[in-house]
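Colleague: Can you put the model up? I have a few short things to ask about it.

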Amino acid sequence: MSDNVTGETTIQITEETFLIDITAPETEGFNGTITYNGETLTVVDGQATLANGQTLYSRFNTGVDFSGTVSLYTYAYDNTDGPGINSQGFFAIGAETNPAELLDNGFVSYFGFLDGYGTVLDGNGQVVENEVSIGGTVVIYVDFDENSVNGFMGFDVSSEGEMTSLTAQLELTQGDLIGNGFATDANNVFACPEFSTCTSNTQIGGALFGPDGEELSGVTGIDYSEFGEDGDNAHLIGAAGFTLTSGGGA
């Protein structure tokens, strides 16, 4: 997600494959095989070695009974005590729902939590904090009669240095449910701090998992900015995974 050498921070969407034992979600460190940037890697206890000698770390990020998300990350210079995360990725796994099972589901709400990491930049694009935690909630409404999806996501940022204070409330743009999945954006900011201007260029997508679509897991690429009147600007670039359950408090 970020490049500590040049200070540049980007979100890049790629397609990867991961093979994992069905019992693996019971543990944080897992074994499996992953194709990552063209390399086929063997993951043992949540770690694998890249061709350049760098260690790829992985862990279960969010999850319930039938689905979850996994995070992949490397550290700059492969030093966990160094300048922070060099790259970060998330993907959803689980027992996907057969779309044929969803025809008569009507209107269903899903509620759950997201978890991820990000980088905070200032108004000039310089890195303020390279590794901040992103936590929050996601509510998604699926209308199976209309094959449409909308909802909300909210998150806040925390860091050991306590240099950054960001809280965002975003509304999803209505998207189409295609088969058992969807992809849309969350660019409508419906809560912004007083005397500030907020913008979002956030992408979100997911799929239904479990019998009759009981769960919804997915990922979001977060691009969120707050512009204060005093010039105290903050730009968050990050990613997160989320896992939701039907009827869970929505």
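The chat below goes through some charged residues and then a threonine.

Modeller: Before you start, keep in mind that this is a predicted model.

Colleague: Which residues gather in the patch of negative charge on the surface?

Modeller: The patch is made up of Asp-65, Glu-101, Asp-212 and Glu-214.

Colleague: Take Asp-212. Where is its place?

Modeller: Asp-212 sits in a loop, the one between strand 15 (203-209) and strand 16 (215-228).

Colleague: And why does Asp-212 count as partly exposed?

Modeller: Because its relative accessibility is 45%, and partly exposed covers the range between under 20%, which is buried, and over 50%, which is exposed.

Colleague: Now Asp-143. Which strand is that in?

Modeller: Asp-143 belongs to strand 9, residues 127-143.

Colleague: Is Asp-143 buried or exposed?

Modeller: Asp-143 is buried, and it has no salt bridge. The nearest side chain of opposite charge is that of Arg-59, 33 Å away.

Colleague: What lies 3.1 Å from a polar atom of the Asp-143 side chain, then?

Modeller: The backbone nitrogen of Glu-146 does.

Colleague: Change of topic: Thr-62. Which strand?

Modeller: Thr-62 is in strand 5, which runs over residues 55-63.

Colleague: Why is Thr-62 called buried?

Modeller: Its relative accessible area is 15%, and buried means under 20%.

Colleague: Which side chains does the Thr-62 side chain have polar contacts with?

Modeller: One contact joins Thr-62 to the side chain of Thr-69, at 2.7 Å. Another joins Thr-62 to the side chain of Thr-243, also at 2.7 Å.

Conventions:
Residues are numbered from 1 along each chain as its sequence is written. This is a predicted model: local features need pLDDT of at least 70, side-chain atom pairs count only at pLDDT 80 or more; totals for chains, interfaces and linings use all residues. Side-chain values use heavy atoms; hydrogens and water are left out. Patches are made of residues with over 30% relative accessible area and no salt bridge: like charges are joined within 9 Å, nonpolar side chains (Val, Leu, Ile, Met, Phe, Trp, Tyr) within 5 Å. Accessible areas come from the Shrake-Rupley method with a 1.4 Å probe; for residues, only the protein chains shown count as cover. A salt bridge is a side-chain nitrogen of Lys or Arg within 4 Å of a carboxyl oxygen of Asp or Glu. Lys and Arg count as positive and Asp and Glu as negative; His and the chain ends are not counted. The place of a charge is taken as NZ of Lys, CZ of Arg, CG of Asp or CD of Glu. Helices (H or I, at least four residues) and strands (E, at least two) are DSSP runs, numbered from the N terminus. Buried means under 20% relative accessible area, exposed over 50%, partly exposed in between (1.4 Å probe, protein chains only). A polar contact is a pair of N or O atoms within 3.5 Å; within protein, one must be able to donate a hydrogen and the other to accept it, and residues adjacent in sequence count only if both atoms are side-chain atoms.
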